[in-house]
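This report is meant for someone meeting the structure for the first time. It moves from charged pairs to a helix, then to the nonpolar cores and the aromatic rings.

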Amino acid sequence: MDRGLILIVEDDPDIMQILDAYLIRDGYRTVRAGDGETAITHFSMLRPDLILLDIRLPKLDGIDVLTRIRRERDTPVIMVTALAEDMDKLTGLRLGADDYIIKPFNPQEIIARVNAVLKRTRQPAGASILRFGAIEIDTESYIAAVYGEAGRTILPLTLSEFRILAHMTRRPTHAFQRADILDACLPESDALARTIDTHIANLRKKLTDHGACGYLVSVRSIGYRLAGEQKP
């Protein structure tokens, strides 16, 4: 079960390893950053579902990282620090942190906080904004975009391509049969199920051309599904 991608920003390798192991065991994917600059890079390229962010970091501290994140997106952030001073807590929450945990902590508490924050902040099934990795879809404006090193880029999709991408994003990692995609996305069409192959090929090329590589994968004898971005 894929519960989402968590970015762990922590300069203590022992703590990072513990958090990584517990999150993976609970069904999450993880990516690590040992300093603030690396955290910003991972955030921009991978678009995690939630960030565990230490305050005292090399190169760029956690407050600066949080400030930069909030300029771009409302990604949930849980601040983690060894400092219990009220001023630090108030500063983090004022800048937009969703929760705050003081070291030392029980790893199970971290998992409980992650689950609670995601449950509270994730969009409901009927929400107009859908996200998966670097992909963002506005179902009301019919705009699909990807986020990369150059920032936000709108995809030049046809209506059919947009419908297919939105349909698959609503159930990330689910394996879709061609006939299911056809019925859901092109109900007025008399096209054959194999027509979906052409739409998928065009959609995959547009995603790749705009920096979102490896998101559409083939599932043998079934059809297609969304997967995490594949690096070259």
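Does Arg70 count as buried or as partly exposed? The model is a predicted one, and in it Arg70 counts as partly exposed, because its relative accessibility is 22% and buried means under 20%. Its side chain meets that of Asp98 in a salt bridge, with 3.2 Å from N to O. This pair links distant parts of the chain, since Arg70 belongs to helix α3 while Asp98 sits in the loop between α4 (86–94) and β5, 28 residues apart. Asp98 is likewise partly exposed, with a relative accessible area of 25%.

A search of the whole structure finds 11 salt bridges, and three of them are set out here.

| Salt bridge | N to O distance | Separation in sequence |
|---|---|---|
| Lys103 and Glu10 | 3.1 Å | 93 residues |
| Asp54 and Lys103 | 3.4 Å | 49 residues |
| Arg70 and Asp98 | 3.2 Å | 28 residues |

Salt bridges that share partners join Glu10, Asp54 and Lys103 into one network. Lys103 lies in the loop between β5 (99–102) and α5 (107–121), and Glu10 in the loop between β1 (5–9) and α1 (13–25), whereas Asp54 is part of strand β3 (residues 50–54). Both Lys103 and Glu10 are buried; for Lys103 the relative accessibility is 17%, and Asp54, also buried, has a relative accessible area of 3%.

Helix α3, the element that holds Arg70, spans residues 62–72, and its buried residues include Gly62, Ile63, Val65, Leu66 and Ile69. Seen down the axis of α3, the buried residues fall within an arc of 155 degrees, so they line one face of the helix. The N-terminal end of α3 is capped by Asp61, which places a side-chain oxygen 3.1 Å from the backbone nitrogen of Ile63.

In soluble globular proteins, nonpolar side chains tend to be buried together. In this model the largest nonpolar core has 28 residues, of which Ile137, Ile164, Leu165, Met168, Ile196 and Leu207 touch the most other members. Elements that each supply at least two residues of this core include β6 (129–132), β7 (135–138), α6 (159–169) and α8 (195–209), and α6 gives the most, with five residues. Leaving aside residues up to four places away in sequence, Leu207 touches Ile135, Val146, Leu155, Leu165, Ala212 and Leu216. Apart from this core lies another, of 22 residues, among them Leu5, Ile40, Ile55 and Met79.

The search also finds two aromatic pairs in the whole structure. Phe132 and Tyr215 form an edge-to-face pair, 6.0 Å from centre to centre and with 75 degrees between the planes. Phe132 lies in strand β6 and Tyr215 in the loop between α8 and β11 (216–219), so the pair ties together parts that are 83 residues apart in sequence. Phe132 is buried, with a relative accessible area of 8%, and Tyr215 is buried as well, with a value of 3%. The other pair, Tyr142 and Phe162, is tilted, with 5.1 Å from centre to centre and 40 degrees between the planes. Here Tyr142 sits in the loop between β7 and β8 and Phe162 in helix α6, 20 residues apart, and Phe162 is buried, with a relative accessible area of 6%.

Conventions. Residues are numbered from 1 along each chain as its sequence is written. This is a predicted model: local features need pLDDT of at least 70, side-chain atom pairs count only at pLDDT 80 or more; totals for chains, interfaces and linings use all residues. Side-chain values use heavy atoms; hydrogens and water are left out. Buried means under 20% relative accessible area, exposed over 50%, partly exposed in between (1.4 Å probe, protein chains only). Helices (H or I, at least four residues) and strands (E, at least two) are DSSP runs, numbered from the N terminus. The arc is that of the directions from the helix axis to the C-beta atoms. A polar contact is a pair of N or O atoms within 3.5 Å; within protein, one must be able to donate a hydrogen and the other to accept it, and residues adjacent in sequence count only if both atoms are side-chain atoms. A nonpolar core is a set of buried Ala, Val, Leu, Ile, Met, Phe, Trp, Tyr and Cys residues joined through side-chain atoms within 4.5 Å. Contact means heavy atoms within 4.5 Å. A salt bridge is a side-chain nitrogen of Lys or Arg within 4 Å of a carboxyl oxygen of Asp or Glu. Rings of Phe, Tyr and Trp (its six-membered ring) pair if their centres lie within 6.5 Å; planes under 30 degrees apart count as stacked, over 60 as edge-to-face and the rest as tilted.
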